[in-house]
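I opened this structure to see how its parts are held together. These are my notes, in the order in which I looked things up.

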Amino acid sequence: MKQIFRKSLLATVLLTALIPLQSGNAATRIKERGQEMAAVTNLQDPQQLPETIEIGLSTETIAIASNFSGTNLTIFGALDNADPLIRRQGRYDIIVVLEGPQRNLVVREKSRYLGVWVNADSETFTSVPLSYSLASTRPLQDITDEKTYRQLSLGVNYFALNPEYGTLTDPNAMRFGQELRDLKSRQGLYSQKVGSVEFVSQTLFRATLALSTNVPVGRHKARALLFRHGVFIGEANTHLNIVKAGLEQQIFEAAHQYSLAYGLFAVFLAGLTGWLGQLLFRKD
């Protein structure tokens with residue numbers, strides 16, 4: 001009888017000890033489940049997500065014919081997860097850039113020697129965009145600082161020009177680099193337009209870039225960069241193809257695909273033109 005009583009007492013003690021433990025485990029599971037639900041709720045809340053930007057072009061291909069006189073390119077975009085308060089304050093800024101195909105360029109300095117202009121010193125820069133068009137919501141100095149522009153390689157005066165030899169801080173490279181920027185600007189290939197990016201609604205914007213008559217042929221890169229209170233948030237990229245059309249395109253393809261035949265034909269045509277000119281304008 002005593003043994004049965006002892007076994008019953010032992011079972012009662014064990015059951016009493018297990019009930020709080022199970023309750024504590026259940027409470028812990030409920031707490032963890034609540035934390036997971038809160039995390040999911042915060043993740044799904046659009047105001048907790050960072051702002052993003054998306055863009056698209058009015059056309060993906062521009063054909064250049066003999067009568068091409070320049071055109072305008074429109075870039076559309078939208079902001080996702082924009083903060084309503086910052087949006088109402090107008091503290092979102094957007095900079096749109098269209099960069100042309102990159103090539104190695106040589107900048108030469110001419111000097112007068114014995115009455116004749118000859119090439120003197122020179123500098124070679126690698127991967128230089130042949131064209132560069134920028135549009136912004138406000139003047140660049142009102143959006144962010146010069147250090148940020150250099151880090152993002154953004155702006156006619158701030159994108160990097162890498163010399164083939166030497167460093168960016170070399171005085172000779174800096175001088176020739178500035179001359180290259182000025183030359184491209186005079187040719188209309190490097191340009192900046194303030195206020196060409198405008199918001200058509202609270203989250204949609206539009207930018208208009210002017211393409212000159214001498215815009216280079218090739219694959220161009222369009223970039224749209226988003227700033228909030230002067231801080232860079234993110235960017236979106238897409239591409240534009242500029243190609244030749246008509247007779248110009250056929251000549252361009254022939255010169256690259258059949259270079260030897262094209263060269264021989266050019267020499268023959270030049271000789272024929274000279275011979276015909278001699279016949280027409282010879283004196284009796």
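Before listing any pair, I wrote down the rule: a salt bridge is a side-chain nitrogen of Lys or Arg within 4 Å of a carboxyl oxygen of Asp or Glu. I also noted that the model is predicted.

**Entry 1. Salt bridges**

I looked at R223 and E235 to begin with. Their side chains meet in a salt bridge, with 3.1 Å from N to O. That value is within 4 Å, so the pair counts. R223 lies in strand β12 and E235 in strand β13 (residues 231–244), so the salt bridge ties together parts that are twelve residues apart in sequence. I checked the cover of both residues. R223 is buried, with a relative accessible area of 7%, while E235 is partly exposed at 33%.

I then asked which residues are linked with R223 in a network of salt bridges. I found that E99, R223 and E235 form such a network. E99 is found in strand β4. The side chains of E99 and R223 are also joined by a polar contact of 3.2 Å. E99 has a relative accessible area of 12%; buried means under 20%, so E99 is buried.

How many salt bridges does a search of the whole structure find? I noted seven.

One of them pairs R228 with E51, and their closest N and O atoms are 2.6 Å apart. R228 lies in strand β12 (residues 218–228), and E51 sits in the loop between α1 (2–44) and β1 (52–57), so this pair ties together parts that are 177 residues apart in sequence. R228 is partly exposed at 28% relative accessibility, whereas E51 is buried at 10%.

Another salt bridge joins the side chains of E109 and R175, at 3.5 Å from N to O. E109 belongs to strand β5 (residues 102–113) and R175 to helix α4 (residues 171–186), so the pair ties together parts that are 66 residues apart in sequence. I found E109 partly exposed, with a relative accessible area of 32%. R175 is partly exposed as well, at 38%.

**Entry 2. The sheet**

Next I traced the strands. Six of them form an open sheet, and I wrote the order down as β2-β13-β12-β4-β7-β9, with mixed pairing. I marked β2 (61–64) and β9 (190–194) as the edge strands, since each pairs on one side only. Neighbouring strands of this sheet are turned against each other by 20 degrees on average, direction ignored. As a reminder to myself, strands of a sheet pair through backbone hydrogen bonds, either parallel or antiparallel.

In which sense do β4 and β7 pair? I found the antiparallel sense, over five bridges, between β4 (residues 92–99) and β7 (residues 132–136). Within this pairing I picked out I95, whose bridge partner in β7 is S136.

I followed I95 to a residue elsewhere in the sequence. L154 and I95 are 59 residues apart in sequence, and their C-alpha atoms are 8.9 Å apart in space. L154 is found in the loop between α3 (146–152) and β8 (162–163). I asked whether L154 is buried or exposed. Its relative accessible area is 0%, so L154 is buried.

**Entry 3. Positive phi**

I looked up backbone angles next. Most residues other than glycine have a negative phi. I noted S127, which is not a glycine but has a positive phi of about 55 degrees. S127 is in strand β6 (residues 116–129) and is partly exposed at 38% relative accessibility.

H229, also a residue other than glycine, has a positive phi near 55 degrees. I placed H229 in the loop between β12 and β13. H229 is partly exposed, at 42% relative accessibility.

**Entry 4. A nonpolar patch**

Last, I looked at the surface. Which residues make the nonpolar surface patch of about 680 Å²? I listed F265, F268, L269, L272, W275, L276 and L279. I checked L272 from this list. L272 lies in helix α6 (residues 259–281). The relative accessible area of L272 is 32%, so L272 is partly exposed. Patches are made of residues with over 30% relative accessible area, so the value for L272 fits that cut-off.

Technical notes:
Residues numbered from 1 in each chain as written. Predicted model: local features only at pLDDT ≥ 70, side-chain atom pairs only at ≥ 80, totals over all residues. Heavy atoms only, no water. Patch = residues over 30% accessible without salt bridge, like charges linked within 9 Å, V, L, I, M, F, W, Y side chains within 5 Å. Areas by Shrake-Rupley, 256 points an atom, 1.4 Å probe, with all protein chains shown as cover. Helix = DSSP H or I, 4+ residues; strand = E, 2+ residues; numbered from the N terminus. Buried < 20%, exposed > 50% of the residue type's maximum accessible area, 1.4 Å probe, protein only. Pairing = 2+ DSSP bridges. Axes fitted to C-alpha atoms, helices over the stretch in contact; angles between N-to-C directions. Polar contact = N/O pair within 3.5 Å; in protein donor to acceptor, adjacent residues only side chain to side chain.
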